[in-house]
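Work through the following exercises with the sequence and the model side by side. Each task is followed by a solution that proceeds step by step.

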Amino acid sequence: MQNIQTIKDSYGLTGLRVSTVVATNTLGSLDPPSSGAFADEARDDMVGIINFLSNTSSPLLVNVYPYFVYASDPTNVRLDYALLTETNPMVQDGNLSYSNMLDAIVDAFYWAMEKEGVSHVDAVVSESGWPSAGNGLITTPLFAQAYNQHFVKKFLAMQSTPKRPDHYLEGFIFEMFNQDQKPPGVDQNWGLFYPDGTPVYTVFS
């Protein structure tokens, strides 16, 4: 990132920002969000990354997948909380209330950054989605449709997270097409369309 920033500056490309993508597992703790902290094995790298982003006024790109949290513990994680379909508060963290897991994970990153002395870096959801097949009854077109429709509505409404109410959240759906050449299972089934271009389900009505 530093090398790219140097090249960018040398050409006077002031309208471009340099960032990188990180996975949720760079956090060692995320529940409740205020416990958010970087994992020991990722901390040194993450501190360098977020300080660079702070110095260049660039956002941190985060891949956020509530599906994997739910799939790992469906007994204790509410499906509607993971699917973004719940509207009532499900998690109370101090004076902050959470009705969906997406907000909670993003805010855990904000807490983690603040604990390292960085409080002015915005988070952008670089990937999120729900698979439509590959893991039994929790991966259906209906669930994938519900998640992505609520995901889109959230961003079109320019909603924020409880911890950063003055910064609306931005994000991107993973992914456009199912990848039928990946190993069978969930990995093949994140797309909005089949490889032949027909829709798996409707997101935009």
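**Exercise 1. The nonpolar core**

How many residues does the largest nonpolar core have, and which residues have the most contacts inside it?

Solution. Begin with the caution that this is a predicted model. Its largest nonpolar core has 53 residues, and those with the most contacts inside the core are Leu60 and Leu102. As a next step, ask which elements build the core: two or more residues each are given by helix 2, strand 4, helix 3, helix 4 (79–83), strand 6 (96–98), helix 5, strand 7 and helix 6. Of these contributions, the largest share is that of helix 5, with 10 residues. Then take Leu60 and leave aside its neighbours within four places in sequence; its contacts include Val22, Met46, Ile49, Leu53, Phe109, Met113, Val121 and Val124. Polar residues are also touched by Leu60, among them Ser19, Thr20 and Asp122. As general background, nonpolar side chains in soluble globular proteins tend to be buried together.

**Exercise 2. Aromatic pairs**

Find how the rings of Tyr65 and Phe174 are arranged, and then do the same for Tyr67 and Trp190.

Solution. The structure holds 13 aromatic pairs. In the pair of Tyr65 and Phe174, the ring centres are 6.3 Å apart and the planes stand at 90°, which is over the 60 degrees required, so the pair is edge-to-face. Now locate the two partners: Tyr65 is in the loop between strand 4 (60–63) and helix 3 (66–72), while Phe174 is in the segment after strand 8 (171–173), so that the pair links parts of the chain 109 residues apart. Tyr65 has a relative accessible area of 12% and is therefore buried, and Phe174, at 18%, counts as buried as well.

For Tyr67 and Trp190, the centres of the rings lie 5.7 Å apart and the planes are at 85°, so this pair too is edge-to-face. Because Tyr67 lies in helix 3 and Trp190 in the segment after strand 8, the pair ties together parts that are 123 residues apart in sequence. Both Tyr67 and Trp190 are buried. As a last step, place these rings in their wider setting: Tyr65, Tyr67, Phe174 and Trp190 belong to one aromatic cluster, whose members also include Phe68, Tyr70, Trp130, Tyr147, Phe151 and Phe155.

**Exercise 3. Salt bridges between distant parts**

Which parts of the chain are joined by the salt bridges of Arg43 with Glu116 and of Asp103 with Lys154, and are the partners buried or partly exposed?

Solution. The count of salt bridges comes to 7. In the one between Arg43 and Glu116, the closest N and O atoms are 2.8 Å apart. Arg43 belongs to helix 2 (residues 40–56) and Glu116 to the loop between helix 5 (101–115) and strand 7 (123–128), which places the partners 73 residues apart. Arg43 is partly exposed, with a relative accessible area of 38%, and Glu116 is likewise partly exposed, at 22%.

Turn next to Asp103 and Lys154, whose side chains meet in a salt bridge with an N to O distance of 2.9 Å. Since Asp103 lies in helix 5 and Lys154 in helix 6 (residues 141–156), this pair ties together parts that are 51 residues apart in sequence. Here Asp103 is buried at 7% relative accessibility, and Lys154 is buried at 5%. Elsewhere, Arg78, Asp80 and Glu86 are linked in a network of salt bridges.

**Exercise 4. Lys163 and its partners**

Describe what the side chain of Lys163 meets, and at what distances.

Solution. Start with the charged partner: Lys163 forms a salt bridge with Glu114, in which the closest N and O atoms are 3.3 Å apart. Lys163 is in the loop between helix 6 and strand 8, whereas Glu114 is in helix 5, 49 residues away. Lys163 is buried, with a relative accessible area of 18%, but Glu114, at 30%, counts as partly exposed. Then consider the aromatic partner: the charged end of Lys163 sits over the ring of Trp111, 3.7 Å from its centre. A further charge over a ring involves Arg164, which lies over the face of Tyr110 at 3.9 Å from the ring centre.

Terms used. Residues are numbered from 1 along each chain as its sequence is written. This is a predicted model: local features need pLDDT of at least 70, side-chain atom pairs count only at pLDDT 80 or more; totals for chains, interfaces and linings use all residues. Side-chain values use heavy atoms; hydrogens and water are left out. Rings of Phe, Tyr and Trp (its six-membered ring) pair if their centres lie within 6.5 Å; planes under 30 degrees apart count as stacked, over 60 as edge-to-face and the rest as tilted. Helices (H or I, at least four residues) and strands (E, at least two) are DSSP runs, numbered from the N terminus. Buried means under 20% relative accessible area, exposed over 50%, partly exposed in between (1.4 Å probe, protein chains only). A charge sits over a ring if NZ of Lys or CZ of Arg is within 6 Å of the ring centre and within 35 degrees of the ring normal. A salt bridge is a side-chain nitrogen of Lys or Arg within 4 Å of a carboxyl oxygen of Asp or Glu. A nonpolar core is a set of buried Ala, Val, Leu, Ile, Met, Phe, Trp, Tyr and Cys residues joined through side-chain atoms within 4.5 Å. Contact means heavy atoms within 4.5 Å.
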